[in-house]
Amino acid sequence: MKVAVLALDGVFDSGISAVLDVLHTADVLRGRVAGAPPPAFDIRTVGVRRRVRTGLGHRIDTEPAAAAEDADLLVVPALMERRPDALVEAVASAAHRPARRVLAEARERGTPLATSCTGTFLLAEAGVLDGQRATTSWWLAPFFRDRYRRVTLDETRMVVSSGGVTTAGAAFGHLDLALSIVGARSPALADLVRHYLVVDDRASQAAYAIPSALARHDPLVAAFEQWARTRLAEPAPIADAARELGVSERTLQRAVARTLGRTPVGLVQDLRVEQAEHLLRTTDLPLAAVARRVGYESPGPLRALLRRRRGTTPGSGNGRTDQA
């Protein structure tokens, strides 16, 4: 399998390293897979310039981008830019026009593409994600959703594959991205690499998202988040919230959907999960008492919500047992 890794000026150092480390490790370990070994990986680092500087100033020598024309997969590691406005400006700039052209031409040839974190912005700016599903770093989701209306964003998942494009979540989602590439060829090899590199299986970004950080993107959503946060222990009808915030219920629903990609009820549930997990970690309260503090009469609904949202049950990873 010929994999071209596109290195650009300002590339996220650990992002490109993670991709290359996982792929090269898979190539070394493939002979240890039971039965016939998976095909070898031919991994090349290409660029629109022969020499690029990473975000931390390290030098990477690259092959010409033309070397990717016969690749089976083109991987684009993220750019090291943590400021949303500056990120949008960068991916739309003349400096990255050659990279956008490389991506568009690869898409026209039918070459599968893969990226993670801020790299999703570059693919979207190049137009190769139009009509597709994708993910990006959870905290960049509102900015992505605002700019790229033709892309269906799912920031709750760690890896999303759609129409020949694979995207992954936040910065260290590069590990998940690279393992998904290996797993597409050989699930057994991906498991072997995961064990050798001690990488946990992370299906979702939901456990890491901070609702208040996302809500700040829109003043109305931020106000609703604060309104709901002070009422977690009691019923919080959305109609009451809209009335107190001076907007229609429909306006509130649209604002939350536009910013967070979910309903107001979904945001309230996120806040309840966040508070419940905090109480389970920091107090000795039984689950039934925690449930009451976040608006549930019995622990059953909270237990189900925790399992669905986080992929865990109360007590996992925090030393607690279910005391309900």
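How many helices and strands does the chain have? I looked this up before anything else, and the chain has 14 helices and eleven strands (DSSP runs, H or I of at least four residues for helices, E of at least two for strands, numbered from the N terminus).

A note to myself on the source: this is a predicted model, where local features need pLDDT of at least 70, side-chain atom pairs count only at pLDDT 80 or more, and totals for chains, interfaces and linings use all residues. Residues are numbered from 1 along each chain as its sequence is written, and side-chain values use heavy atoms, with hydrogens and water left out.

**Overall shape.** I looked up the extent of the C-alpha trace and found about 60 × 45 × 35 Å along its principal axes. Next came burial: 50% of the 324 residues count as buried (under 20% relative accessible area, with exposed over 50% and partly exposed in between, for a 1.4 Å probe and protein chains only).

**Helix 10.** I then turned to residues 238-245, which form helix 10, and saw that I238, A241 and A242 are buried there. These buried residues fall within an arc of 95 degrees seen down the axis, so they line one face of the helix (the arc is that of the directions from the helix axis to the C-beta atoms). On the other side of helix 10, I found R243 and E244 exposed.

What do the buried residues of helix 10 pack against? I noted helix 9 (219-229), helix 11 (249-260) and helix 12 (264-282), with contact meaning heavy atoms within 4.5 Å. Last, I checked what follows helix 10: G246, with a positive phi near 75 degrees.
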